[in-house]
Amino acid sequence: MKEMWDSRYANKEYAYGIAPNNFFKAVLDQFKPNGKLLLHAEGEGRNAVFAAKMGLVVSAFDISTEGKRKALQLAEQENVSINYYVGELFDLPLINEKFDIAALIYAHFPPPLLSKYYKKVAELLNPGGLIILEGFSTGHIELRKLNPNVGGPDKAEMLFSTESIQRDFQNFEIIQLEEITVDLKEGLYHNGKGKVIRFVGKKRL
Ligand SMILES: C[S@@+](CC[C@H](N)C(=O)[O-])C[C@H]1O[C@@H](n2cnc3c(N)ncnc32)[C@H](O)[C@@H]1O
C-alpha cells in the first residue's frame with residue numbers, strides 16, 4: 001500500500017492537484033474555524049497548505065514519505081508551515097494531542113483498521129470540535145466501473161454511506177450529511193462523475 005502511494009507521489013506533478021478539495025474549502029470559508037486542525041491521510045498537502053494560509057495551526061499525516069516531501073515543498077512555495085508526520089495514526093505522537101477540527105478528505109482505510117479508527121478520530125477532537133469529511137460512497141462503485149479515471153477504492157467495504165457515518169460518529173451533532181454526485185476535477189486521478197458522502201459534524205459537549 002505504502003509503495004503504491006509513494007510511487008504515485010514520486011512524480012513531479014501533484015496527483016490530486018495543489019488546489020484544496022472544493023468541499024473542504026467551502027466548509028472552512030463558511031465556518032471560519034480557529035485553532036488546531038488535524039488532516040488524516042493528507043497525501044501531498046493541498047488541503048493542509050490551504051488551511052495554514054487561512055491561519056489554522058495545521059498537523060497532517062499519511063503513510064507516504066513522498067507525500068510528506070511534496071507537502072513540505074508546497075508549504076515552502078506558499079510560505080506557510082505545517083506539521084507533517086509519516087505513519088499510521090496509532091503509531092504517531094499525534095494520538096496524545098487534542099484538535100479543534102478533524103478533516104478526512106478521501107481518507108479510505110481497509111476494514112481491519114476502521115472499527116477503532118473513527119473512535120480515535122472522535123476522541124482526538126475537543127468538545128464542540130468540527131469534523132469535515134468527503135469520501136467516495138458505496139454508490140460510487142458503479143460510476144467507477146463506467147469511468148476508472150474518477151478514482152476511488154474498488155472495495156465497497158472501504159467506502160462511506162450516510163448510515164455508516166451515523167453509526168461511527170454518534171457523539172456528533174450533524175450539520176450536513178448527504179450523498180451526492182459531484183463532477184470531480186482533482187489533478188490526474190480524480191476526474192469525472194463520482195458519488196460522495198459529505199459530512200460536517202460538531203462533537204457534542
Ligand atoms: C486519495 S489519497 C487522498 C490524499 C489527500 N487527502 C487529498 O485529498 O489530496 C488517499 C491517501 O490515503 C493515504 N493512506 C492510505 N492508507 C493510510 C493509512 N493507513 N494511514 C494514513 N494514510 C493512509 C495514502 O497514502 C494517500 O495519500
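A residue is buried if 20 or more other C-beta atoms lie within 10 Å of its own, exposed if 12 or fewer, and partly exposed in between, with C-beta atoms placed from the backbone. The model is predicted: local features need pLDDT of at least 70, side-chain atom pairs count only at pLDDT 80 or more, and totals for chains, interfaces and linings use all residues. Residues are numbered from 1 along each chain as its sequence is written.

**Exercise 1. Is valine 150 buried or exposed, and which residues does it touch?**

Step 1. Begin with the count: valine 150 has 21 other C-beta atoms within 10 Å, so it is buried.

Step 2. Now place the residue. Valine 150 is in the loop between helix H6 (140–146) and helix H7 (162–168). Helices (H or I, at least four residues) and strands (E, at least two) are DSSP runs, numbered from the N terminus.

Step 3. Next, list the contacts, where two residues are in contact if their C-beta atoms, placed from the backbone, lie within 7 Å. Leaving out residues up to four places away in sequence, valine 150 touches Leu143, Arg144, Leu184, His190, Asn191, Gly192, Lys193 and Gly194.

Step 4. For a distance check, take arginine 69, which is 81 residues from valine 150 along the chain; their C-alpha atoms are separated by 25 Å.

**Exercise 2. Work out how strands S1, S2 and S3 are connected.**

Step 1. Start from pairing: two strands pair if DSSP finds at least two bridges between them. S1 (residues 36–40) and S2 (residues 57–62) pair in the parallel sense over four bridges. Leucine 37 has valine 58 in S2 as its bridge partner.

Step 2. Follow the chain from S1 through helix H3 (residues 46–53) to S2; this β-α-β crossover is right-handed. The term applies if, with the strands pointing away from the viewer, the path from the first strand over the helix to the second runs clockwise.

Step 3. Continue to S3 (83–86). S2 and S3 run parallel and are joined by four bridges, and phenylalanine 61 has tyrosine 85 in S3 as its bridge partner. The chain goes from S2 through H4 to S3 in another β-α-β crossover, and this one is right-handed.

Step 4. Finally, check burial: five of the six residues of S2 are buried, so the strand is largely enclosed by the rest of the structure.

**Exercise 3. Which strands pair with S4, and what surrounds alanine 102?**

Step 1. On one side of the pairing list, four bridges join S1 to S4, and these strands run parallel. Leucine 38 has alanine 102 in S4 as its bridge partner.

Step 2. S4 also pairs in the parallel sense with S5 (residues 125–136), over six bridges. Here alanine 102 stands opposite isoleucine 131, and phenylalanine 99 stands opposite leucine 125. From S4 the chain crosses through helix H5 (residues 111–123) to S5, and this β-α-β crossover is right-handed.

Step 3. Compare the burial counts. Six of the seven residues of S4 (residues 99–105) are buried, so S4 is largely enclosed by the rest of the structure. Nine of the 12 residues of S5 are buried, so S5 is largely enclosed by the rest of the structure as well.

Step 4. Collect the contacts of alanine 102 beyond four places in sequence: Leu38, His40, Val121, Leu124, Leu125, Gly129 and Ile131.

Step 5. Put this in the context of the core, a set of buried Ala, Val, Leu, Ile, Met, Phe, Trp, Tyr and Cys residues joined through C-beta atoms within 7 Å. The largest nonpolar core has 47 residues, and Ala102 and Ile131 have the most contacts inside it.

**Exercise 4. Compare asparagine 79 and tyrosine 106.**

Step 1. Recall the background: most residues other than glycine have a negative phi.

Step 2. Read the angles. Asparagine 79 has a positive phi of about 65°, and phi of tyrosine 106 is near 50°, also positive.

Step 3. Locate both. Asparagine 79 is in the loop between helix H4 (65–77) and S3, while tyrosine 106 is in the loop between S4 and H5.

Step 4. Compare the environments. Asparagine 79 counts as exposed because it has 9 C-beta neighbours inside 10 Å, whereas tyrosine 106 is buried because 23 other C-beta atoms lie within 10 Å.
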